[in-house]
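Work through the exercises below with the structure in view. Try each task before you read its solution.

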Amino acid sequence: MTAQLMLALYRAGRRGEALEIFQRIRGELVAELGLEPGAELRELHRRVLADDVRLLPGLPGPPSPLPPDIGDFVGPTTSSP
């Protein structure tokens with residue numbers, strides 16, 4: 001849930017608030033349980049700090065190594081002897 005909130009804030013242009021959420025949760029985890037946040041949350045924090053554009057919605061992923069689909073191709077026809 002924390003990761004979703006951080007991501008939503010970042011995508012809304014509220015990077016500072018996303019980072020504050022991480023710091024608050026981290027502080028509570030360390031103080032109450034003696035634990036650091038999990039790997040997923042730490043990675044999101046790192047990416048927010050780096051302004052990773054891949055966090056923004058609507059950006060294309062990596063290019064596909066496959067050619068685009070050909071919608072009307074039906075394949076070769078075979079004739080029976």
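The exercises go from the overall fold to single residues.

This is a predicted model, in which local features need pLDDT of at least 70, side-chain atom pairs count only at pLDDT 80 or more, and totals for chains, interfaces and linings use all residues. Residues are numbered from 1 along each chain as its sequence is written, and side-chain values use heavy atoms, with hydrogens and water left out.

**Exercise 1. The fold**

Task: State how many helices and strands the protein has, and give their order.

Solution:
- Start with the rule: helices (H or I, at least four residues) and strands (E, at least two) are DSSP runs, numbered from the N terminus.
- Count them. There are three helices and zero strands.
- Read from the N terminus. The order is α-α-α.

**Exercise 2. Surface and contacts**

Task: Find what percentage of the protein's residues is buried, and describe its exposed area and its contacts.

Solution:
- Fix the classes: buried means under 20% relative accessible area, exposed over 50%, and partly exposed in between (1.4 Å probe, protein chains only).
- Apply them. Of the 81 residues, 21% are buried.
- Turn to the surface. The protein exposes about 6600 Å², by the Shrake-Rupley method with a 1.4 Å probe, where for residues only the protein chains shown count as cover.
- Carbon and sulfur atoms supply 58% of that area.
- Now take contacts, meaning heavy atoms within 4.5 Å. Among contacts between residues at least 6 apart in sequence, 46% join residues at least 24 apart.

**Exercise 3. The core**

Task: Identify the members of the largest nonpolar core that touch the most other members, and the helices that supply this core.

Solution:
- Recall the background: in soluble globular proteins, nonpolar side chains tend to be buried together.
- Define the set: a nonpolar core is made of buried Ala, Val, Leu, Ile, Met, Phe, Trp, Tyr and Cys residues joined through side-chain atoms within 4.5 Å.
- The largest such core has 13 residues, and Met6, Ala18, Leu41, Leu44 and Val48 touch the most other members.
- Helix H1 (2-11), helix H2 (15-33) and H3 each supply at least two residues of this core.
- H2 gives the most, with five residues.
- Look at Met6. Leaving aside neighbours within four places in sequence, Met6 contacts Ala18, Ile21, Phe22, Leu41, Leu44 and His45.

**Exercise 4. Salt bridges within helices**

Task: Count the salt bridges, then examine the pairs Arg24 with Glu28 and Arg46 with Glu43.

Solution:
- Note the principle: side chains of opposite charge can pair when their charged atoms come close.
- Set the rule: a salt bridge is a side-chain nitrogen of Lys or Arg within 4 Å of a carboxyl oxygen of Asp or Glu. The count comes to seven.
- In the Arg24 and Glu28 pair, the closest N and O atoms are 3.9 Å apart. These two residues are four apart in helix H2, so about one helical turn separates them.
- Arg24 is partly exposed at 46%. Glu28 is partly exposed at 37%.
- In the Arg46 and Glu43 pair, the closest N and O atoms are 2.6 Å apart. They are three residues apart in helix H3, so about one helical turn lies between them.
- Arg46 is partly exposed at 43%, and Glu43 is partly exposed at 35%.

**Exercise 5. After helix H3**

Task: Is Asp52 buried or exposed, and which residues does Asp52 contact?

Solution:
- Locate Asp52. It is in the segment after helix H3 (39-49).
- Classify Asp52. Its relative accessibility is 10%, so Asp52 counts as buried.
- List the contacts. Leaving aside neighbours within four places in sequence, Asp52 touches Tyr10 and Arg47.
- Check for a polar contact: a pair of N or O atoms within 3.5 Å, where within protein one must be able to donate a hydrogen and the other to accept it, and residues adjacent in sequence count only if both atoms are side-chain atoms. The side chains of Asp52 and Arg47 make one at 2.9 Å.
- Find the salt bridge. Asp52 pairs with Arg54, with the closest N and O atoms 2.8 Å apart. Arg54 is exposed, at 62%.
- Join the pieces. Salt bridges that share partners link Arg47, Asp52 and Arg54 into one network.
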